[in-house]
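Visitor: I work with molecular models every day, and I would like a close look at a single part of this one. Could you take me to a pocket and then walk me outwards through what surrounds it in the chain?

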Amino acid sequence: MISLTPRRLKLARRQEDGDSSQVLQLVIDHPLDCDLETIPGQFFMLSLTGVGEGPFSYLEMPDSLGNFRALVRSRGRLTSALLSQPEGTVLGYRGPYGVGWPLLIGRHSVLIITLGYGLVSLASYIQEACNWGLPGNLRLLHISNGRASLALDAARARWQSELDVVELVVPDISTARPHGAALQLLADLLAAERPDAVLCCGPEPFMQAAGRLCVAKGVAPESIWLSIVRRMSCGVGLCGHCHFGTTYVCMHGPVLRYDHYWQQMRYCEPHVPRLGEWLC
C-alpha cells in the first residue's frame, strides 16, 4: 500500500554553506529499516506545513538514529522557507525513493564525473567507499565555477588523500558545455585509463556529451549511469509529472543506465535543466 503521509522529521541544525545554501542536519523520528537501507543516489521528499513539498538529495545517508544531512539551495518558495526555519522545527519526510547508484565499490574501477552541485548526489557514494577502506578503485573528475561550498570543498579535501581527485574550474559557464574544456579533460583521463564503469551527475547536455565520449573511448553503454532531473512531485509514480518516455523518473530513476536513458529519449522531448542551475 502506498502512503503519501509524511513522517516526522526534526531540523536539528543548519549551517551556512555559501551561495545562498545551507547544510541541514535532519533527524527522522523513529527511523525504519528502509531508512538504514538507503542507497546513495536515491532522493527523499521534504515538506513544510503551509508551504509545500519537494524532492531533495541525501548528502549523507541516514544512520541508525535517523540522522542525515542535506544540502539545500534557495531556489524558490519552499527552499527559501526551509532555510529560514529555526533549529528544532518539525518537518515532513517521505522516502527513500527511486533508484540509486550501482554498488560497484571495491569490485570495479569507477570514474565519477560531476559538474557543480551534481557532486551532492555522489558525495555519499564516495564517502561510503572511503568508510569501507575501498576508495582505491575510484577516480573523481569534478568541474565547478569556483564558488565555495563549505561541505563539498571539505569533502573533496578529505578525499584527496584517499583517491584520485581531478578538479577543473570553469569561470565561464559556456566553456562547460559539450566540447569545451571539461570534455577535453575527460577525454584525456579516458585515454590515460579506461574505467570499468562511469557514474555521472550534472546538467543533462553535459551528461549526454560525456556519455557519448565515454562510449567512443570504449566504455560499454551498459557500464555508464546518469542521474536525471525531472519534476518529481509525489515520489511514487502517481502524479505523472516526472513522466519520461515509458517510465517515471521517481520510480525508475533518478539514476538511469546510459543505454536505458537513450531508449526513453526516443519517446519524448524532455525538459533539460539550465546549465547554470547545477554550477557551484
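Guide: Happy to. Let's begin with the second largest pocket, which holds about 230 Å³ of space. Please keep in mind that this is a predicted model. The lining of this pocket is made up of 15 residues, and those that lie nearest its centre are Leu59, Glu60, Arg69, Gln127 and Arg158. Two elements give two or more residues each to the lining: helix H3, residues 119-131, and helix H4, residues 150-159. Of the elements, H4 gives the most, with six residues. As for chemical character, the lining divides into eight nonpolar residues, four charged ones and three polar ones.

From the pocket we can move on to the sheets, starting with the antiparallel one. This is an open sheet of six strands, and reading across it gives the order E4-E3-E6-E1-E2-E5. Its edges are strand E4 (52-57) and strand E5 (67-73), each of which pairs on one side only. From one strand to the next, the twist averages 40°. Within the sheet, strand E1 (residues 7-16) runs antiparallel to strand E6 (residues 90-97), and four bridges join the two. If you want one contact to click on, take Arg8, whose bridge partner in E6 is Gly92.

Strand E6 has another detail to offer a computational chemist. Pro96 is found in this strand, and the peptide bond leading from Gly95 to Pro96 is cis, with omega near -5°. As background, most peptide bonds are trans, and most residues other than glycine have a negative phi. A backbone value to look up next belongs to His30, a residue other than glycine whose phi is positive, near 60°. You will find His30 in the loop between strand E2 (21-28) and helix H1 (33-36).

Now for the other sheet, which is also open and has six strands, but with mixed pairing; the order here is E9-E8-E7-E10-E11-E14. Strand E9 (164-169) and strand E14 (255-257) are its edge strands, with pairing on one side only for each. Neighbouring strands in this sheet are turned against each other by 15° on average, direction ignored. Strand E7 (residues 110-115) and strand E10 (residues 197-201) run parallel and are joined by five bridges. Within that pairing, Leu111 stands opposite Val198 in E10.

Packed on this sheet is helix H8 (residues 258-265), which touches strand E11 (224-227) as well as E14, and the direction of H8 makes about 90° with that of E14. On the other side of E14 in the sequence, a loop between helix H7 (249-252) and E14 holds Pro254. Here too there is a cis peptide bond, this one joining Gly253 and Pro254, with omega about 5°.

Let's finish in helix H8 with its rings. Tyr258 and Trp262 both lie in this helix, four residues apart, or about one turn. In total, the structure holds ten aromatic pairs. For Tyr258 and Trp262, the ring centres are 6.3 Å apart and the planes stand at 80°, so this pair counts as edge-to-face.

Definitions and conventions. Residues are numbered from 1 along each chain as its sequence is written. This is a predicted model: local features need pLDDT of at least 70, side-chain atom pairs count only at pLDDT 80 or more; totals for chains, interfaces and linings use all residues. Side-chain values use heavy atoms; hydrogens and water are left out. Two strands pair if DSSP finds at least two bridges between them. Axes are lines fitted to C-alpha atoms, for helices over the stretch in contact, and angles run from 0 to 180 degrees between N-to-C directions. Contact means heavy atoms within 4.5 Å. On a 1 Å grid over the protein atoms alone, a cavity is a set of points where a 1.4 Å probe fits but cannot get out, and a pocket is an open set with protein on both sides within 12 Å along at least five of seven lines; lining residues have an atom within 4 Å of a point. Grid points are joined across faces, edges and corners, and a volume is the space filled by probe spheres set on the points. Ala, Val, Leu, Ile, Met, Phe, Trp, Tyr, Cys and Pro count as nonpolar, Asp, Glu, Lys and Arg as charged, and the others, Gly among them, as polar. Rings of Phe, Tyr and Trp (its six-membered ring) pair if their centres lie within 6.5 Å; planes under 30 degrees apart count as stacked, over 60 as edge-to-face and the rest as tilted.
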